[in-house]
Amino acid sequence: MTVTGTGTPRVDPPRVLAQLTLVQARRFATHPLFLVGAVLAAVGLVQGLLAGPDLWRPQNLVLATALWLGLPSVVVGYRLTITEEAASPLLPSTPVPATSRTLALCGACLVPALAGALLLVGTIAATVAWQPSADLLPAGIEGATTGGSLNLPAYLTAVGWADAIAHWTEGFVAAPFGGAALGVAAARWWRLPGGGVIVAVGLGLLVLVVNAAAENVPGVGHTWPARLAVTVSPFVLWETQAGDIVTGVRAGSPLGHLSYAMCLSGLAVWAALAKDTSSPHRVLGRRVGLALAIAAALTATWALLG
Amino acid sequence: MTPTVDLADVVHRYGSTTALDRVTLRLETGVTGLLGPNGAGKSTLMRVLATVINPDGGTVRLLGRDTADADQRTQVRRQLGYLPQELGFPRGFTAFGFVDYLALLKEFDDRPTRQAEVRRALDLVGLRDVATTRVRRLSGGMRRRLGLAQALLGDPRLLVLDEPSTGLDPEQRAVLRTLLSRAAGHATVVVSTHQTEDVAALCDRVVVLDSGQVAFDGSVADLVDHAAGRVWVAEHPDPDAAAQWRTGTGLHRNLGTPPPGAHLVEPTLEDAYLLLRNDTARATP
C-alpha cells in the first residue's frame, strides 16, 4: 500500500472536456430509454425499406424518428444531468468548472443526433434509389392544396433536395439533439422526480396540438395566427393529412425552420450553461443568449415567409 | 513556513443562522480532528476548506492561495481531496468508472496515467476486487471507501474528509487510520467526525466547534487534560454529573464532581469532549 501518486495531472482543458464528453456520451448511448427509442426508429426505417418503393414515405419516417428519438432524448438528457448532480456536494471542489461539465452533457446530446443521422443517410439513399424525381415531398399529389389562403409561396410544391433534406434533417438530427439539450437545460434549472417525462410530454403535446389545430380546425389552418403558431413550434409537420391521404402542404421554408430549430437547440444549450453563476464569462454568455434569441426570431420569420 | 490552512475571522450565514462565527484557524501538515455537536458548523467549515462555498466574511488562504480569487481557487482544487458528508453517486457507473470520472474532473487527461491512478486509489481503500461492480450494488461501507478513493486521487496536499469512518467496520476503520496517518506525513488532513476514538487514535491536533465558534484548539493531550480529575467511576449514577452512563462492568461513569464512594479514573478524549461541551453550555448566557 502506498500513498504516493502516479503523478500530478497535466492541465489541458479542451482535452479534459473531450474526454468528459466521451464519458457522458457513453452514458447516453447505453441508457435503456435511448436504446429502445433508437431501435424503434430503426425498425421504422427497415419497415419502410421492406415495403418497397411504391409505399416509400420519407415523411412518415421523419415523424417517427422525431417521436422515438427526439422525445426519449428529452428524458435521457434530463436523467443524465440529474444523476450526475447526485455527486453535487463533491463536484464544486474539483478544478473542472460546472460549465465544462454542462458542455460535456450537451456534447453527449450528439449521440441521438448521430443515431438520427445514420437513419437520415438510409432515408436519403432509399429516396435517391426509388424517387429520383423532383417530387421528393408529396406536394405533387393530385388535389393537394398549397400556399394556403394567403397564397404565399409553398416551397414544398417546387420541392428540391435542399428543402427536402432540410426537413428530414430537422426530424432526424435536430429534433433528437434539441430534445436532449432541452432535457439537460430543464434538469439544470428544475429538479423534480419525473421532470424529464413531464417536459417530454409537454413538448410532444405542444407540437401535436399546434400542428393538429392548424391542420384540422376549419378556417384556422391558413390564418396568420395558426401559421405563426405552427412556425414557432419546435417541430413542423409540413404536410397535412386525412388518414393516409395527403391533403395539403404548409407554406413556408423547411430550410428556414431547420435553422430556427438549430437556434432553439442553441438556446437550450445556452440555458443549461446559464445556470452556472460562477462562470467568469457571464457577460459574454448574456450576449450569446441575446444573439441566439435574435437569430431564432429571424429564422422563424424566414420559416414563416419562406 | 506558510500554513496549509489559514482562516481569519471566517463568517458564514444561512439566512439568519450564523453557521461560522469569526473562525480563525491555522493548520499545517498532520491530521487535525474536527469535533462538535450536530449543527456546530463542522460541515460548513469543511465545505469552506473544500472551496465548495465562499464564506460571507473573513479570509481563507489554502496552500498559500486566496480562495476568493477564482484562478487561485482552481489552483487549490488541483491539490485538494474532499469527501463530503453525504456523497451521492451518478447512476450507471461502476466503482472504477466513478473514480475514473472524478479523476477526469481532477484533470487527469492522460488515459493510461489516469487509469493507473484510479487503480492505485482503489487499491488503497481495498476496492480493487469490486472495480467492475456497479456502484448501486456496493454496500454502504464500500461506497464510503469509494468516496475516500476519489479523495485520495493525485495524492493531494490538502485532504478534507467529512465523517470518513461512517459505515466502516472496525477493520476498515483501522485501514482508514493507517491511510490517513501515512498521508499526514506530507499532507494536511482535516477530519470531521463524531467518533472521538478516531480522533484519539489518529489526530495530533483537535479543534472543537460549538455554535460556529472554536471552543477548543490544541493537542489531543491538552483536551484530555481538560478532564483530568473530573472523571469518576461509582456504583451509583450522579444526578448532578455533566454526563453519566452505566458501563459494561455495571459501574457508573460520572463526569464532573465526584459522587460519594467514587473512584477517580483516567479520562478519555470522549470524557474531555463531553466536559468541554458542558462547560461551554454553562458559560453561554
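Hi everyone. Of the 285 residues in chain B, 48% count as buried, and that is where I'd like to start. One thing to keep in mind throughout: what you have on the screen is a predicted model.

Let's stay with chain B for a moment. Its secondary structure adds up to nine helices and 14 strands. If you lay the C-alpha trace along its principal axes, chain B spans about 70 × 45 × 35 Å. Why does a radius of gyration of 21 Å agree with a compact globule for chain B? Because a compact globule of 285 residues would come out near 19 Å. As for the contacts in chain B between residues at least 6 apart in sequence, 65% of them join residues at least 24 apart.

Now the domains. Chain B is split into domain 1, which covers 1–79 + 157–216, domain 2 at 88–155, and domain 3 at 224–283. Taken over C-alpha atoms, the centres of domain 1 and domain 2 of chain B are separated by 23 Å. How many residues of these two domains of chain B are in contact? On the domain 1 side there are 11, and they are in contact with nine residues of domain 2. Two elements of chain B, β7 (158–162) and α6, each supply at least two residues to that domain 1 side. α6(B) gives the most, with three residues. Sorted by class, the domain 1 side has six nonpolar, three polar and two charged residues.

Next, the contact between the chains. Chain B brings 35 residues to it, and chain A brings 30. On the chain B side, the elements giving two or more residues are α2 (70–77), β6 (80–83), α3 (95–105), α4 (111–124) and α6 (170–183). Which of them gives the most? That is α4(B), with five residues. The side of chain B that touches chain A divides into 17 nonpolar, six polar and 12 charged residues.

Over to chain A, starting with confidence. The mean pLDDT of chain A is 82, and 79% of its residues reach 70 or more. There is one stretch to flag: over residues 138–158 of chain A the pLDDT is below 50, and beyond near neighbours in sequence this stretch has 47 contacts in the model. Where pLDDT is low, the predicted coordinates should not be read in detail.

Here is a helix to look at in chain A. Helix α10, residues 282–305, has 24 residues and reaches 35 Å from its first C-alpha to its last, close to the 34 Å expected at 1.5 Å a residue. The buried residues in α10(A) are A:Leu292, A:Thr299, A:Ala300, A:Ala303 and A:Leu304. What do the buried residues of α10(A) pack against? Their partners are α8 (224–232) and α9 (254–274) of chain A. As a reminder, an α-helix has 3.6 residues a turn, so residues three or four places apart point the same way. After α10(A) comes A:Gly306, with a positive phi near 75°.

One last residue, A:Leu55. You'll find A:Leu55 in the loop between α2 (32–51) and α3 (58–84) of chain A. Is A:Leu55 buried or exposed? A:Leu55 is exposed, because just 12 other C-beta atoms lie within 10 Å, and a residue counts as exposed at 12 or fewer. Between the C-alpha atoms of A:Leu55 and A:Gly70, which are 15 residues apart along the chain, the separation is 24 Å.

That's my tour, thanks for listening!

Methods
Residues numbered from 1 in each chain as written. Chains lettered and ligands numbered in written order. Predicted model: local features only at pLDDT ≥ 70, side-chain atom pairs only at ≥ 80, totals over all residues. Contact = placed C-beta atoms within 7 Å. Helix = DSSP H or I, 4+ residues; strand = E, 2+ residues; numbered from the N terminus. Nonpolar A, V, L, I, M, F, W, Y, C, P; charged D, E, K, R; others polar. pLDDT = per-residue confidence, 0-100. Domains from an automatic or database assignment. Buried ≥ 20, exposed ≤ 12 C-beta atoms within 10 Å, placed from the backbone. Rg over C-alpha atoms; globule rule 2.2 N^0.38 Å. Expected span 1.5 Å × (residues − 1).
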